[in-house]
Amino acid sequence: MLISATMSSTLYSIRMRASRCGEHISGAERIVRCEELDALSAVLTRRALAHPKGEPDDIRITIETVDPAAIVHLPLPDITTVVVADVASGRLAARQELLRAGVSATAVEQTMAALGSGCAMRGAMLVDAQSGARLEPDPLRGVRVSRMDLTAAAAAELHALLSPRGLDNPHVREALVLAAKVRATPGFVAELCWSDDPDYSAGYVSSPQRGYVRFPWLKPLGDPRGGRAFFVDCRHFDLAAALEWLERTPVLCDRVSAIHPDESPTT
Ligand code: WAQ
Ligand code: MG
């Protein structure tokens, strides 16, 4: 089949989610051109089938066109690694980072306990940074951030930036893109994440002041409990607008930022 010029410039959101007995296993979000859909569908299917959390009984691949006029271009956040030696110091340092960003101690404690509880959510918790109250319409599912990717040029730049530091893996690349979109939400205060993949121990806190601050240890290897939380300031937050932004507005990250020197924990 011949692909016409207009067709090949059309962009598509392609999303994968995999589950077993209704429980979330893995997901992925990309925005690509028509000619990449074929190969990427295969890549995402393989990824769903080979996930360390186990074999899914349900894999969904969704492909939709993206309105080019609706695309928002954003920079990636700055990156800093806080070199913690173990999970206890990692959690303590992440807690400090969240307090510094303006999240209350109550909200931090409640959210960290929920993240470690093992309830496998497909999306993220939306949390009032003051009270710690949950704000998302469906607390079992959470808010799924969707329709985001890097431009080809930014992907190449990111590869060049991350490779020499041994950080060029899908976890880091995808988390940076997600964090770039999330921090552009009006009312955003901070994000906390650690992976639910048993073979990945790192996590991060993202905030407007400090960018993307990673901690190599936020949970022990082998632990399948993880998740995400977005802390917001309810005085400047509109739930419907935030959901429209996070779930539906297409974002392409077109600029990478700096990697700062490693830090030691301050506590
Ligand atoms: N929208 C909202 N929440 C999501 C999304 C999304 N698109 N994708 C994942 N989550 C939530 C969901 O609850 C997952 O269970 C949880 O986050 C963890 O997702 O070294 O790999 O993809 O700098 O396992 C961060 C550290 C790695 C990277 C994060 O997360 C580094 C990671 P995972
Ligand atoms: Mg995961």
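This passage walks through a predicted model, starting with its nonpolar cores, moving on to the ligand, and ending with a few individual residues.

Start with the inside of the protein. The largest nonpolar core is made up of 38 residues. Within this core, the residues with the most contacts are L76, L162, L176 and F230. Quite a few elements chip in at least two residues each: the strands β7 (148–150), β8 (188–194), β11 (227–232) and β12 (251–255), together with the helices α5 (152–162), α6 (170–182) and α7 (239–248). The top contributor is α6, which gives 8 residues to this core. L162 shows what life in there looks like. Setting aside its neighbours within four places in sequence, L162 is in contact with I79, L167, D168, V172, R173, L176 and I259. Apart from this core lies another one, with 25 residues, and L98, A101, A107 and V108 are among them.

Next comes ligand 1. There are 23 residues around ligand 1, and the ones that come nearest are H171, D196, Y200, Y212 and R214. Sorted by character, the shell holds 12 nonpolar, 5 polar and 6 charged residues. At least two shell residues come from each of α6, β8, β9 (203–207), β10 (211–215) and β11. Here too α6 turns up as the biggest giver, with 3 residues in the shell around ligand 1. Several polar atoms of the protein sit beside oxygen atoms of the ligand. For R214, a polar side-chain atom lies 2.7 Å from an oxygen atom of ligand 1. For D197, a polar side-chain atom is 3.1 Å from an oxygen atom of ligand 1. G123 joins in with its backbone instead, where a polar atom is 2.9 Å from an oxygen atom of ligand 1. On its own, ligand 1 has 700 Å² of accessible area, and the protein covers 92% of that.

Now for some single residues, beginning with E191. This glutamate lies in strand β8. Is E191 buried or exposed? E191 has a relative accessible area of 0%, so it counts as buried. Its side chain has polar company, though. A polar contact of 2.4 Å links the side chains of E191 and Y204, and another, at 3.0 Å, links the side chain of E191 to that of R228. Beyond its neighbours within four places in sequence, E191 is in contact with L98, L178, A179, V182, Y204, V205, S206, R228, A229 and F230. F230 has already come up as one of the residues with the most contacts inside the largest core, while L98 belongs to the other core.

E136 is a glutamate in a loop, the one between β6 (125–128) and β7. With a relative accessible area of 5%, E136 is buried too. The side chain of E136 reaches the backbone nitrogen of L126 at 3.0 Å. A polar contact of 2.5 Å also joins the side chain of E136 to that of R134. Neighbours within four places aside, the contacts of E136 are M121, A124, M125, L126, G142 and V143.

R147 is found in that loop between β6 and β7 as well. Its relative accessibility is 8%, and therefore R147 counts as buried. Which residues does R147 contact, leaving aside its neighbours within four places in sequence? They are S13, R15, E29, I31, E64, K181, E247, R248, T249, P250 and V251. With E247 there is a specific pairing: a polar atom of the R147 side chain lies 2.9 Å from the backbone oxygen of E247. R147 and I14 are 133 residues apart along the chain, yet their C-alpha atoms are separated by 7.9 Å.

R147 also has a backbone quirk. Its phi is positive, at about 60 degrees, although R147 is not a glycine. C21 does something along these lines, with a positive phi of about 50 degrees although C21 is not a glycine either. C21 has its place in the loop between β1 (11–20) and β2 (23–33). What about its surroundings: is C21 buried or exposed? C21 is exposed, because its relative accessible area is 73% and the exposed class starts over 50%.

Conventions
Residues are numbered from 1 along each chain as its sequence is written. Chains are lettered from A and ligands numbered from 1 in the order in which they are written. This is a predicted model: local features need pLDDT of at least 70, side-chain atom pairs count only at pLDDT 80 or more; totals for chains, interfaces and linings use all residues. Side-chain values use heavy atoms; hydrogens and water are left out. A nonpolar core is a set of buried Ala, Val, Leu, Ile, Met, Phe, Trp, Tyr and Cys residues joined through side-chain atoms within 4.5 Å. Buried means under 20% relative accessible area, exposed over 50%, partly exposed in between (1.4 Å probe, protein chains only). Helices (H or I, at least four residues) and strands (E, at least two) are DSSP runs, numbered from the N terminus. Contact means heavy atoms within 4.5 Å. A residue is near a molecule or strand if one of its heavy atoms lies within 4 Å of it. A polar contact is a pair of N or O atoms within 3.5 Å; within protein, one must be able to donate a hydrogen and the other to accept it, and residues adjacent in sequence count only if both atoms are side-chain atoms. Accessible areas come from the Shrake-Rupley method with a 1.4 Å probe; for residues, only the protein chains shown count as cover. Ala, Val, Leu, Ile, Met, Phe, Trp, Tyr, Cys and Pro count as nonpolar, Asp, Glu, Lys and Arg as charged, and the others, Gly among them, as polar.
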